[in-house]
Amino acid sequence: MSTICSALGRSFGRRPRPLFASLQAEASRAFSSTRRRRIMDTSGFTDDELVVHDGVGKVCARFPNSYWQERDASEKDPQEFHAALADAGWLGIALPPSLGGVGLGLSEATMMMQTIAESGAGMAGAQAIHANVYATQPLAKFGTHHQLRETIPDIISGRSRVCFGVTEPNAGLDTLRLTTAAHEVDGGYEISGQKVWITCAQVASKMILLARTRSLDEVPKPSEGLSLFCIDLDRRRPGLEMRRIRKMGGRAVDANEVFFDRYRVPSSALVGAKGAGFAVALAGINAERCLVAGEALGLGYAALERAAAYARERVVFGRPIGTNQGIAHPLADAYMRLEAAKLATYHAARLYDKAGGGREGSSEQSSSVAVGVAANSAKYLAAEAAFTACERALLTHGGMGYAAAFDVERWFRESLVPRLAPVSREMVLNYVGERVLKLPRSY
């Protein structure tokens with residue numbers, strides 16, 4: 001741990017930042033405490049990533065599985081958890097130090113999200129946090145000085161929460177066909193349309209919104225005419241309605257339909273150039289795929305660790321059930337799948353950072369297609385590995401796997417989330433087939 005300060009100084013080309021130095025000190029103290037055995041191999045991680053893993057883990061340790069069981073059952077937002085991470089300084093992990101952030105990259109942010117999920121918080125704990133990381137990336141890169149000063153410090157401190165408004169019920173994964181419109185009026189825009197599956201909209205005060213400023217029949221390509229906005233969600237004003245969606249897993253975190261009916265926002269809400277919103281939004285879309293991959297890994301490792309412990313301790317017919325290859329081999333296979341997906345996930349996050357999407361001052365440019373392929377591949381592989389691990393963990397527990405007290409049923413329910421969102425498995429395969437293998441488009 002004593003070498004990390006000098007390593008940070010070399011890797012960023014300047015003296016260690018005070019905020020990260022304080023977080024680092026917290027993590028150093030956490031190393032000396034007794035922690036449960038982790039099964040993930042950490043030999044390939046950087047010093048920065050390991051500091052994040054332990055520092056965030058220390059915060060998560062204050063929220064036991066019973067906390068997440070209760071939040072899942074009551075469907076109440078884990079606001080104390082969000083506040084604890086904000087108080088410890090972690091919400092600004094990938095945001096600039098000039099705005100109060102830590103100034104690290106997406107690889108460290110991915111480690112934070114993995115650590116949250118792995119702690120037992122699962123996808124619910126991760127989803128309470130991750131929009132604060134990926135949805136702020138387009139704003140940090142393309143926002144005006146006024147937007148940054150007005151928005152980012154409050155998000156980092158936890159005073160504000162943010163959600164990402166892209167998905168629509170009639171467009172689904174065909175994002176370029178979305179129809180929510182922002183019509184320019186005197187002094188601003190009027191927004192009309194509908195968004196769906198918007199996480200944390202009930203508790204957010206800001207939304208990063210993708211809307212059409214030119215209709216599809218007015219543009220030569222569907223990717224044109226889209227604009228990105230950072231808007232206030234003022235429930236006292238007319239033209240805004242939210243309806244919560246009841247769902248299978250991650251129940252502590254709300255998901256919503258959001259309706260706009262001539263909802264007024266000022267001209268200053270526009271992020272980046274008008275009509276260039278899709279390119280601006282990509283800074284958040286690829287980041288989200290990496291973060292979700294990290295969350296899936298954490299979920300899978302948590303389930304597999306629990307299953308292995310149960311298989312060592314549960315005695316049937318006079319011996320531990322883990323003695324049986326029918327139990328041991330599927331768990332060993334699940335571990336290897338997670339380890340392979342881990343390599344793909346951190347490769348994608350580091351490629352994103354090298355392309356300039358993460359740390360301040362990144363100069364090395366990577367192909368946007370290469371970043372997209374890596375991020376989508378990581379999401380796919382981690383989601384599949386997590387689902388396998390969670391399913392096998394539940395089956396290892398037998399009938400007890402169906403009991404809420406053992407947690408694996410909660411993690412299994414949540415393991416479907418990264419398979420479905422933010423993009424389906426089939427669309428990832430389409431993307432790789434088209435962009436890498438140069439196969440004809442099938443849709």
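What follows is a chat about the helices, the aromatic pairs and a few backbone details of one predicted model.

Me: How sure is the predictor about this chain, on average?
Reply: The model is predicted, and the chain averages a pLDDT of 91, with 89% of the residues scoring at least 70.

Me: Where does the pLDDT drop below 50, then?
Reply: One such stretch is residues 1–17, which nevertheless has 29 contacts in the model beyond near neighbours in sequence. Residues 358–365 also have a pLDDT below 50, and for that stretch the model holds 25 contacts beyond near neighbours in sequence.

Me: OK, on to helices. What do people use to describe two packed helices?
Reply: Two packed helices are described by the angle between their axes together with the distance between those axes.

Me: And at what angle do H10 and H12 cross?
Reply: Helix H10, residues 277–313, and helix H12, residues 368–396, cross at roughly 20°, and their axes come within 7 Å. Because angles under 35 degrees count as roughly parallel, H10 is roughly parallel to H12. The crossing of these two helices is left-handed.

Me: What kinds of residues make up that contact of H10 with H12?
Reply: The contact of H10 with H12 is made up of 19 nonpolar, five polar and two charged residues.

Me: How does H6 pack against H10?
Reply: Helix H6, residues 106–127, packs against H10 at an angle of about 45°, with the axes 7 Å apart, which means that H6 is oblique to H10. The crossing of H6 and H10 is right-handed.

Me: Which residues meet there, between H6 and H10?
Reply: On the H6 side they include Leu 106, Met 113, Gln 114 and Gly 122, while on the H10 side they include Ala 287, Leu 291, Glu 295 and Tyr 301. By class, the contact of H6 with H10 has 14 nonpolar, five polar and two charged residues.

Me: What about H3 and H6, how are they arranged?
Reply: Helix H3, residues 47–60, and H6 have axes that come within 9 Å and cross at roughly 35°, and H3 passes H6 in a right-handed crossing. Among the residues that meet are Asp 48, His 53 and Val 56 in H3, and Glu 108, Met 112 and Ile 116 in H6. The contact of H3 with H6 divides into six nonpolar, five polar and four charged residues.

Me: Switching topic: how many aromatic pairs are there?
Reply: The structure holds ten aromatic pairs. One of them, formed by Tyr 189 and Phe 229, is edge-to-face, with 5.0 Å from centre to centre and 70° between the planes.

Me: Where do Tyr 189 and Phe 229 sit?
Reply: Tyr 189 lies in strand S3, residues 188–199, and Phe 229 lies in strand S5, residues 226–232, so the pair ties together parts that are 40 residues apart in sequence.

Me: Last thing, the backbone: what is special about the phi of Cys 200?
Reply: Most residues other than glycine have a negative phi. Cys 200 is not a glycine, yet it has a positive phi of about 70°, and it lies in the loop between S3 and strand S4, residues 206–212.

Me: And which residues does the cis peptide bond join?
Reply: A cis peptide bond, with omega about 0°, joins Ala 421 and Pro 422. Pro 422 is placed in the loop between helix H14, residues 417–420, and helix H15, residues 425–435.

Technical notes. Residues are numbered from 1 along each chain as its sequence is written. This is a predicted model: local features need pLDDT of at least 70, side-chain atom pairs count only at pLDDT 80 or more; totals for chains, interfaces and linings use all residues. Side-chain values use heavy atoms; hydrogens and water are left out. Axes are lines fitted to C-alpha atoms, for helices over the stretch in contact, and angles run from 0 to 180 degrees between N-to-C directions. Helices (H or I, at least four residues) and strands (E, at least two) are DSSP runs, numbered from the N terminus. Angles under 35 degrees count as roughly parallel, over 145 as roughly antiparallel, 65 to 115 as roughly perpendicular and the rest as oblique. A crossing is left-handed if the near helix is turned anticlockwise from the far one by less than a right angle, and right-handed if clockwise. Ala, Val, Leu, Ile, Met, Phe, Trp, Tyr, Cys and Pro count as nonpolar, Asp, Glu, Lys and Arg as charged, and the others, Gly among them, as polar. pLDDT is the predictor's confidence in each residue, from 0 to 100. Contact means heavy atoms within 4.5 Å. Rings of Phe, Tyr and Trp (its six-membered ring) pair if their centres lie within 6.5 Å; planes under 30 degrees apart count as stacked, over 60 as edge-to-face and the rest as tilted.
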